[in-house]
Amino acid sequence: MTIHDPTEIPRLLPGSELTNFPPPDRWDDWEEYDAKAWPERVKHNVRLVPTTCFNCESACGLLAVIDKETGKVRRFEGNPAHPGSRGRNCAKGPATINQMYDPERILHPLRRSGPRGSGQWEQVTWDEALDDIAGRMRTAIQEDRHDEIMYHVGRPGEDGFMDRTLKAWGVDGHNSHTNICSSGARVGYAMWMQHDRPSADFANAQFILLLSAHLETGHYFNPHAQRIMEGKQAGAKLAVIDPRLSNTASMADIWVSSYPGTEAALLLAVARELLDRDAVDHDFMKRWVNWEQTLRERHPDRPVTYESFVALLRETYDGYTIDWAAEEAGVTPDKIVAIADGIQRAGHRFASHTWRSAGSGNLGGWQVARCLWFLHVLTGSVGTEGGTSPNSWNKFKPQHWNTPPPHDKWSELLWPPEYPFAHHEMSFLFPYLLQDGRGKVDVYFTRVYNPVWTNPDGFSWIEALTDEDKVGLHVALTPTWSETAWYADYVLPMGVGSERHDTHSYETHAGQWLGFRQPVLRVAGEREGKTFDRTYEANPGEVWEETEFWIDLSWRIDPDGSLGIKQWFASPNDPDRPVSVDEYYGWMFENSVPGLPEKAAAEGLTPLEYMRKYGAVEVARDVYEVHETPVEFDEIGVDGLARKGGTVTGVGFDDGARRGFGSPSKKLEWWSQTMAEWGWQDEAIPTYLKTHVYWRDLDTDAGERILLPIFRLPTLIHTRSGNAKYLYEISHGHPLWVNPADADALGIDTGQMVRITTDSGHFVMRAWRTEGIRPGVVAASHHLGRWRLSDDMGNERWSSALVDITNLGDHRWRLRQKKGIEPFTSDDPDSERIWWRDAGVNQNLAFPPHPDPVSGMHAWHQKVRLGRAEPGDQYGDVVVDTAKSYEIYKQWLELTKPGPGPNGERRPLWLNRPVKPVESAYFV
Ligand code: SF4
């Protein structure tokens, strides 16, 4: 194995020198001094067990330091053997220990014993819960009501296991949170190349452009942040486009504080400038852009020559001058010129990223990613060292054991015809689609997902979840209480990151790796010679892990095998019992991870033992220019595609056939024929679309401003850090950022209560005057505002306010805080030392749905009216009219161009979607 920190210094090794990390051959037998006992020298014998952090999507490696005497985890550190995180973590990784030992955590399965949402619960056995849920699912499947089973996931934290499970059930029931998160950026990238996100080689870049907060909280936060800093240390310049002075922007060489929603205009001005300067990689463009198809299909009056295409680009973007874009974006022209200069100088070493932020805030926000990628296409910085690749080149997906074939179903509750391009399921429209009578759900799993709190318009979610005609049985699988679990029929406690098995891999850099999350107390016990049949035997209380839950549940859905489900979960060694995690992951590591069996054999280990020892394996490094990989072919068609045996393998050139990209043409599609064919002719090229919060439409005299509600705090997790006392001690407030110019105009001071009125309601919070936000724009982090409805259950007291929720009638709701955070008595003496009081305000409740007609993304930004709090207003008040939310949903629905498409498809076949069904299911 490779330790990814080259500066190894021994710590407490012979000679008592220090080391960054204990060497792996001593992980089972390490000694360390107790820092708290100083100046006394108290030694502890510890065992180090690797696992993977579950506190964001980065999946950094962790090492659990387990005291051999007490059997308890002393702390979590970074895992130096993990190729993505290389031994480093953010604050949230080590806070896993709070989550394990939280005195408020749910330790036993609970079933409601009163009306749904009444807060009355009884403890039940796992057998009772599993049999009840499985029986209901069996009946639904036997009665061909497959589309009444839905699995709705927030943070997956795994890759492929649930897809496999849903295929085994034959259910089109995968629902994700992507439409409230990242579908804007995904669609922008996908329309170029199918791959729906970038993988920037930050460490080797010379110029980095971020339209997100990657140094602070962004996607693949810690792995990316450390590589951005490496790039900067080697001389790279960093530019950040963000209306808010984020921690990331504060580290930038160039901070561009543009009006929200004008980012695409700015990027296209850079594109025009690069074209003007001829700072274009013509060899790359000529080879890899679909210019011939564009000219033939979209401009048949023009000659089909590359020169004619370049002339077309110049004409198309002629109006995007620097001066025009500067005025449109509200920035000075020199900032745009500086970005163009930086990109020109960097050439192939230009790296960029956009995720959430502009793409997730605006109507038409998906075009921001499309325009950003255009800059890479122009400069040929695609797949190059120091450039930016499609994500899938740097993500390793192993095969899962005994994978079932695709199902043949299509759920219009998840994939409504209005959104054929959505990435992915229209998850946040669920309450409105139910209200429209488009279906119902008999068994609804929420898994590490909290839509009542996280999604826009949570009161509509409460209305849906308390209607048993719409949602028959709600099962909340969760490591912690949540506002949504309160409205469940079963609350089933699942392990935190150190109490479960999962595999995953993400595009953290120009390489590939596979991480293995494992339950550290089970693994430590096994190393001491104990045996466990199931992980819950080693976890606290009766906390299960989901892998084993789904295996056992599936077994009980089909006890006699007559539904064809049981076969996918039977042990390969004994068909009379369910497959074990060792059998499942052992097969994967032996059979589908290149190089792993050899690395393991070199240490005298099996592949599973190797992964249990190190927690991760590097699969490839220095992955560049994958599109140029030669592919086999026996013909090159008139469409330019290379085929072998009738199957498309790549794209043909004079020098052979190459793999290319995932688009229909296998090239980078400046013009998307698919978009044009489905009715989006004008939007089929990188272009600038007007946002729903356009600054020129604001009536500022009437108090209107643009609200940015989606920035993260680096130390909190959406709703899963409520049980992490270290994190809440650091971050427990989120005032509204207001520029002094706006504050003066509206008579607002720091600490003063303000009322923020949206199109469906209002909320009340405190203001903070700061130059860190541009005038005309206000902002509040989305991480706070947790609540509970009972004083001692329903949410952790480290982080939640006690509230009343009142149905005011006629779809009007009010949430009002009764008290903030207070010290409490528990097994953890720290709970009596709580000194913070503010639980924050949930603003999402007052946001009506804004489904973008192309990407399906909820456009989070709000046009709001800002003013001082009114008589009777209390801090934390949220008042909402869900009937207005529904009206607004209908208005946005009018913007869509529903399918089916030209061939009768519900969705273009070439676009990705989770748990893809058989081809015939795509056709109406
Ligand atoms: S960035 Fe932080 S929270 Fe995310 S996986 Fe890494 S250590 Fe965990």
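Trainee: In this predicted model, what covers the buried residues of helix H3?

Mentor: The cover includes helix H2, strands S7, S8 and S15, helix H19 (546–557) and helix H20 (581–591).

Trainee: What makes H3 largely enclosed by the rest of the structure?

Mentor: A residue is called buried when its relative accessible area is under 20%. Seven of the nine residues of H3 are buried, so the helix is described as largely enclosed. The buried residues are Phe161, Met162, Arg164, Thr165, Leu166, Ala168 and Trp169. Just after H3, Gly170 adopts a positive phi of about 70°.

Trainee: How do you know which strands are the edge strands of the open sheet?

Mentor: The order of its seven strands is S6-S5-S17-S16-S15-S7-S8, with mixed pairing. Strand S6 (121–123) and strand S8 (174–175) each pair on one side only, and these are the edge strands.

Trainee: What makes strand S7 and S8 a pair?

Mentor: Pairing requires at least two bridges between the strands. Strand S7 (residues 149–153) is joined to S8 by two bridges, so the criterion is satisfied. The two strands run parallel, and Tyr151 stands opposite His174 in S8.

Trainee: Which strands does helix H2 touch as it packs on the sheet?

Mentor: Helix H2 (residues 126–142) touches strand S5 (110–112), S7, strand S15 (441–447), strand S16 (471–478) and strand S17 (490–493). Its direction makes about 120° with that of S17. Helix H3 (residues 161–169) also packs on the sheet, touching S7, S8 and S15, and its direction makes about 175° with that of S7.

Trainee: Why are helices H11 and H12 called oblique to each other?

Mentor: The axes of helix H11 (residues 322–329) and helix H12 (residues 333–346) cross at roughly 120° and come within 8 Å. Roughly perpendicular covers 65 to 115 degrees, and roughly antiparallel begins over 145. The angle falls in neither range, and H11 and H12 are therefore oblique. Their crossing is right-handed. The contact is made by Ile322, Asp323, Ala325 and Ala326 of H11 with Pro333, Ile336 and Val337 of H12.

Trainee: Why is Ser781 classed as it is, buried or exposed?

Mentor: Its relative accessible area is 1%, and the cut-off for a buried residue is under 20%; Ser781 is therefore buried. Ser781 lies in the loop between strand S29 (777–779) and strand S30 (787–788).

Trainee: Which residues are in contact with Ser781, leaving aside its neighbours within four places in sequence?

Mentor: They are Pro709, Phe711, Arg712, Leu713, His734 and Gln843. A polar atom of the Ser781 side chain lies 3.2 Å from the backbone oxygen of Phe711.

Notes
Residues numbered from 1 in each chain as written. Predicted model: local features only at pLDDT ≥ 70, side-chain atom pairs only at ≥ 80, totals over all residues. Heavy atoms only, no water. Helix = DSSP H or I, 4+ residues; strand = E, 2+ residues; numbered from the N terminus. Contact = heavy atoms within 4.5 Å. Axes fitted to C-alpha atoms, helices over the stretch in contact; angles between N-to-C directions. Buried < 20%, exposed > 50% of the residue type's maximum accessible area, 1.4 Å probe, protein only. Polar contact = N/O pair within 3.5 Å; in protein donor to acceptor, adjacent residues only side chain to side chain. Parallel < 35°, antiparallel > 145°, perpendicular 65-115°, else oblique. Left-handed = near helix turned anticlockwise from the far one by under 90°.
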